Amino acid sequence: MLYDVAVVGSGFSAIAVTINLLRLLPASTLIAVVGDAPGFGRGTAYRTEFYIHRLNVPAGRMSLFPEKPDDFVEWLAEHMRQVSADGFASRGDYGLYLRDRLASLLRGDERPARVDFVKAKATDCVHCSEAGLVFHLDNGAELRARNVVLCLGIGNADLPLAAGKIDTCVESRIVRNPWRLSWLSKVGPSDTVCILGSGLTMIDQVLALRVHGHRGRFRVLSRRGLLPHAHPPADRRAPAIEPELGCSREISALLAGFRRQVRKGADWRGLMDGLRPVTQKLWQELAKEQRARFLRHGLAWWNVHRHRIAPQISARFEALRRDGIVTVHTGFLETIEEGPRGALVTYRERQSHRPRSFNADWIVNCTGMERAGVAHSPLLREMQRQGLISPAELGLGLSVDKDSRVLDLNKEPQPGLYAVGALTAGQFWEITAVPDIRVQAQNVASAIASTLRA
């Protein structure tokens, strides 16, 4: 069977593209959605069942549809969830919202396009031409499609240790992927847990363990020790402030301009929110060396200021720090060895460079996601080997043009091949949050619909 469109992936990007295709394409269209993750469309982030796992963006900005900004808030009201547009809904509820919106389109009065959900992984692309693409699947089948949208996301980052720096006898104490939540039930109530990384994932796992009954200590080890800032309560939230960008596109000049605005009284949170509408354009105006400088020196500070947490989540976490349950260490991980009491974690202190160590029963990798690349996906690795795709500059995913069309090794757009989400960070940078991906998904679906109507 030849499909008109194949959506490859199982996370938010995939469901956003699929929903937009269903809204735009006629009933005669054939769509395949290829992925083997449970809970299609919810991905890791929105599959969680812990109520403590909250969205980091107010509900009023989380609609699937840019032209219907209140859609998620209305869904919350319909389902008796006591969350306002300024509030922070649970991520599990957001996953249910995505599921419901897809289901309502599939069973709507107007007959939608046919969608086949193929529970498999695409392993390689064996043909790519103007007639379409042919994929091999890991279930032995072959899939053909005129248009393909790659929504594969990115993989979990590796532990920041070279080979040979981890004793094999402590491997059973290391949780390399914290989102496989079965590990939570193995942790003893009083076990000491070392968490590598101090970002959003760390906070999620600390609070999940507390809900799960854990009452032991946490030792958080991070290179800079930076923690995500919190959104203020709704009644103290500043409006978005337009940034004064000036003419220079030097990172140092941009930062100096932002600091001037804050010194003059601008709320830094409002300034960060005011940057959102222009972030992609600003990124595209930066020279390669300025982008590289930002990634080397500014990324960690960008993350903690830009990706803020709900105020109630911040309050819970800060209470744990005040009570001494969570301790943050700043330094560079050196080794993980067998110790007298579990694992012995040794690190080099950031300021003094002196070696430090502590014991832990568990070591949890919360260093975040890998920088958008192809290493996590056998399909992308094979497509790169064949020259069908090319890596973006600075390792930020795939080379795509401003219409999200995938570029080959010659930087030419591949007919009918698109990418959506984090894989396109090299072109768009700010393309991991719902408000950005939903616009990209709509644009890609519109481009495909125009092609099929031609």
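**Exercise 1. Locate Thr18 and describe its surroundings.**

Solution. Thr18 belongs to helix H1, which covers residues 12-24. Helices here are DSSP runs of H or I with at least four residues, strands are runs of E with at least two, and both are numbered from the N terminus. The model is predicted: local features need pLDDT of at least 70, side-chain atom pairs count only at pLDDT 80 or more, and totals for chains, interfaces and linings use all residues. Residues are numbered from 1 along each chain as its sequence is written, and side-chain values use heavy atoms, with hydrogens and water left out.

The next step is accessibility. Buried means under 20% relative accessible area, exposed means over 50%, and partly exposed lies in between (1.4 Å probe, protein chains only). Thr18 counts as buried because its relative accessible area is 0%.

The last step is contact, defined as heavy atoms within 4.5 Å. Leaving aside residues up to four places away in sequence, Thr18 touches Val7, Val33, Phe40 and Leu102.

**Exercise 2. Determine whether Ile31 is buried or exposed, and list the residues that it touches.**

Solution. Ile31 is placed in strand S2, residues 30-34. With a relative accessible area of 0%, Ile31 is therefore buried.

Its contacts, not counting residues up to four places away in sequence, are Tyr3, Val5, Leu21, Leu25, Ala113, Arg114, Val115 and Asp116. For Tyr3, the distance from Ile31 is 5.8 Å from C-alpha to C-alpha, with their positions 28 residues apart in sequence.

**Exercise 3. Examine the backbone angle phi at Lys411 and at Trp429.**

Solution. Most residues other than glycine have a negative phi. Lys411, which is not a glycine, has a positive phi near 65 degrees. Lys411 sits in the loop between strand S14 (405-407) and strand S15 (413-419). Its relative accessibility is 44%, so Lys411 counts as partly exposed.

Trp429 is also not a glycine, and its phi is positive at about 60 degrees. The loop that holds Trp429 runs between helix H11 (425-428) and helix H12 (434-453). Trp429 counts as buried because its relative accessibility is 14%.

**Exercise 4. State how many salt bridges the structure holds, and work through selected pairs.**

Solution. A salt bridge is a side-chain nitrogen of Lys or Arg within 4 Å of a carboxyl oxygen of Asp or Glu. The structure holds 21 of them.

Consider Glu171 and Arg176, whose closest N and O atoms are 2.9 Å apart in their salt bridge. Glu171 is partly exposed because its relative accessible area is 32%. Arg176 is likewise partly exposed, because its value is 39%.

In the salt bridge of Arg249 with Glu285, the closest N and O atoms are 2.7 Å apart. This pair links distant parts of the chain, 36 residues apart: Arg249 is in the loop between strand S9 (218-222) and H5, and Glu285 is in helix H7 (residues 279-285). A relative accessible area of 21% makes Arg249 partly exposed, and one of 33% makes Glu285 partly exposed.

Asp436 pairs with Arg276 in a salt bridge, and their closest N and O atoms are 3.3 Å apart. Here too distant parts of the chain are linked, 160 residues apart: Asp436 is in helix H12, whereas Arg276 is in the loop between helix H6 (268-275) and H7. Both Asp436 and Arg276 are buried.

Finally, Lys68, Asp71 and Arg101 are joined in a network of salt bridges.

**Exercise 5. Characterise Glu244 and Arg215 by place and accessibility.**

Solution. Glu244 lies in the loop between S9 and H5. Its relative accessible area is 51%, so Glu244 is exposed. The C-alpha atoms of Glu244 and Leu271 are 9.5 Å apart, and the two residues are 27 residues apart in sequence.

Arg215 is in the loop between helix H4 (200-211) and S9. Because its relative accessibility is 52%, Arg215 counts as exposed. Arg215 touches Pro189 and Arg210, residues up to four places away in sequence not being counted. From Arg215 to Met1, 214 residues apart along the chain, the separation of the C-alpha atoms is 55 Å.
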